[in-house]
Amino acid sequence: MAISKEQVSHVANLARLSFNDEELSQFTDQMSKITNMFNQLQEVDTTDVEPMTHVVDLVNVVRDDVPAPADPEERTALLNNAPDTEDGYIKVPAIFNNGEDSAE
């Protein structure tokens, strides 16, 4: 299926793009080649091919997220390395202050 310059120009207009005549001809040729490739793919018999989401069979190797108690020594080391802590937590600058003045 050949793509016309008018179709490419219409899509370019929708995307708020402008092309000169040379670019329009180039993109028209490229779009025609792309649609021809899709037409070739549609001719392939995929009757017995199972749909897949990825070309390689992948298995999720991520462990289950199971809560576990923190090691007190690791927690202490982490808090000791943090620039600012409060009540056993790392204190970070506020991102949203809901119109309130900063405490600092």
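**Figure 1. Second largest pocket of the predicted model.** The second largest pocket encloses about 190 Å³ of space, in a model that is predicted. Two elements each give two or more residues to its lining, namely helix 1 (5–14) and helix 2 (21–42). Helix 1 gives the most, with four residues.

**Figure 2. Residues lining the second largest pocket.** The lining consists of Ile3, Gln7, Val8, Val11, Ala12, Ala15, Leu17, Phe19, Phe27, Gln30 and Met31. Sorted by class, nine of these residues are nonpolar and two are polar, and no charged residue takes part. Met31, one of the lining residues, belongs to helix 2. Its relative accessible area is 39%, so Met31 is classed as partly exposed.

**Figure 3. Nonpolar surface patch with Met31.** Met31, Ile34, Phe38 and Leu41 make a nonpolar surface patch of about 410 Å². Met31 can qualify for such a patch because its relative accessible area is 39% and the cut-off is over 30%. Met31 therefore appears both in this patch and in the lining of the second largest pocket, with a relative accessible area of 39%.

**Figure 4. Salt bridge between Asp29 and Lys33.** The structure contains two salt bridges, and one of them joins the side chains of Asp29 and Lys33 with an N to O distance of 3.4 Å. Both residues are in helix 2, four residues apart, so about one helical turn separates Asp29 from Lys33. Side chains of opposite charge can pair when their charged atoms come close. Asp29 is partly exposed, at 40% relative accessible area. Lys33 is also partly exposed, at 48% relative accessibility.

**Figure 5. Salt bridge between Lys91 and Glu86.** Here the closest N and O atoms of Lys91 and Glu86 are 3.2 Å apart, and the two residues form a salt bridge. Lys91 has 35% relative accessibility and counts as partly exposed. Glu86 counts as partly exposed as well, with a relative accessibility of 41%.

**Figure 6. Asp87 in the loop between strand 1 and strand 2.** Asp87 sits in the loop that runs between strand 1 (85–86) and strand 2 (89–90). The phi angle of Asp87 is positive, about 55°, although the residue is not a glycine. With 69% relative accessibility, Asp87 counts as exposed, whereas Glu86 counts as partly exposed at 41%.

**Figure 7. Arg16 in the loop between helix 1 and helix 2.** Arg16 is placed in the loop between helix 1 and helix 2. Its phi is near 60°, a positive value in a residue other than glycine. The relative accessible area of Arg16 is 73%, so the residue is exposed.

**Figure 8. Leu58 and Val11.** Leu58 lies in the loop between helix 2 and helix 3 (72–81). Leu58 counts as exposed because its relative accessibility is 63%, and the cut-off for that class is over 50%. Along the chain, Leu58 and Val11 are 47 residues apart, and 37 Å separates their C-alpha atoms. Val11 is among the residues that line the second largest pocket.

How values were computed
Residues numbered from 1 in each chain as written. Predicted model: local features only at pLDDT ≥ 70, side-chain atom pairs only at ≥ 80, totals over all residues. Heavy atoms only, no water. 1 Å grid on protein atoms, 1.4 Å probe; cavity = no way out; pocket = protein on both sides within 12 Å on 5 of 7 lines; lining within 4 Å. Points joined across faces, edges and corners; volume = space filled by probe spheres on them. Nonpolar A, V, L, I, M, F, W, Y, C, P; charged D, E, K, R; others polar. Patch = residues over 30% accessible without salt bridge, like charges linked within 9 Å, V, L, I, M, F, W, Y side chains within 5 Å. Areas by Shrake-Rupley, 256 points an atom, 1.4 Å probe, with all protein chains shown as cover. Salt bridge = Lys/Arg side-chain N within 4 Å of Asp/Glu carboxyl O. Buried < 20%, exposed > 50% of the residue type's maximum accessible area, 1.4 Å probe, protein only.
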